[in-house]
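The following exercises ask you to trace charged side-chain contacts in a structure, step by step. Have the sequence and the model open while you work.

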Amino acid sequence: MDLGDLIKPEAVLPTLKVATKKAALLALADKAAQLSELDAQVVFAALQHRERLSSTGMGKGIAIPHTRISGIDQILCVFVRLEQPIDYDAMDGEPVDLLFLLLAPESAGADHLSALSRISRLSREPATLEKLRGCTTRTAMYAILTEPTASWNAA
């Protein structure tokens, strides 16, 4: 599964200014609501519930807030680059500046795991992360995010 299968250009936010994890999750929930029929408060509540289980801060400045939710029939992905890194209770204790929101239908077990796996592989690609951190436009970020997986290994 490539990210191009999951994300649309309008789901890429090249810069977002927030100061806290809660504000970041609220912004992601709002964007998800704009892109779907979901209610932003329902999405936010589901994300908060998931974060109480354990932080989705993966390390290396990346967080993948994710949850299964009713009201959608396919995975919804949103990517955000924060203007300034924020404390996110990440596994490595480092602040987060790149966030991937993944919302999956309640019945999407294997697809949800596959999408999480695909995004987590990105955290092992320093050149790709550097490119994403250096971009300022939605178009450029989307192009990087949707590069075929094989080209990430060559980067």
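A salt bridge is a side-chain nitrogen of Lys or Arg within 4 Å of a carboxyl oxygen of Asp or Glu. By this rule the count comes to four salt bridges, in a model that is predicted.

**Exercise 1.** Find which residues are linked with Lys 21 in a network of salt bridges, and state where each of them lies.

*Solution.* Begin with the side chains of Lys 21 and Glu 51, which meet in a salt bridge with 2.8 Å from N to O. Lys 21 belongs to helix H1 (residues 21–35) and Glu 51 to helix H2 (residues 40–53), so that this pair, 30 residues apart, links distant parts of the chain. Next, turn to Asp 89, whose closest atom pair with Lys 21, an N and an O, is 4.0 Å apart in a further salt bridge. Asp 89 sits in the loop between strand E5 (76–86) and strand E6 (96–105), 68 residues from Lys 21. Taken together, Lys 21, Glu 51 and Asp 89 form a network of salt bridges.

**Exercise 2.** Decide whether Glu 51, Lys 21 and Asp 89 are each buried or exposed.

*Solution.* Buried means under 20% relative accessible area, and exposed means over 50%. Glu 51 is buried because its relative accessibility is 11%, and Lys 21, at 15%, is buried too. Asp 89, by contrast, has a relative accessible area of 51% and is therefore exposed.

**Exercise 3.** Describe the salt bridge between Glu 147 and Lys 131.

*Solution.* The N to O distance in this pair is 3.8 Å. Glu 147 lies in the loop between helix H5 (138–145) and helix H6 (149–154), while Lys 131, 16 residues apart from Glu 147, lies in helix H4 (residues 126–134). Lys 131 is partly exposed, because its relative accessible area is 34%.

Note on methods: Residues are numbered from 1 along each chain as its sequence is written. This is a predicted model: local features need pLDDT of at least 70, side-chain atom pairs count only at pLDDT 80 or more; totals for chains, interfaces and linings use all residues. Side-chain values use heavy atoms; hydrogens and water are left out. Helices (H or I, at least four residues) and strands (E, at least two) are DSSP runs, numbered from the N terminus. Buried means under 20% relative accessible area, exposed over 50%, partly exposed in between (1.4 Å probe, protein chains only).
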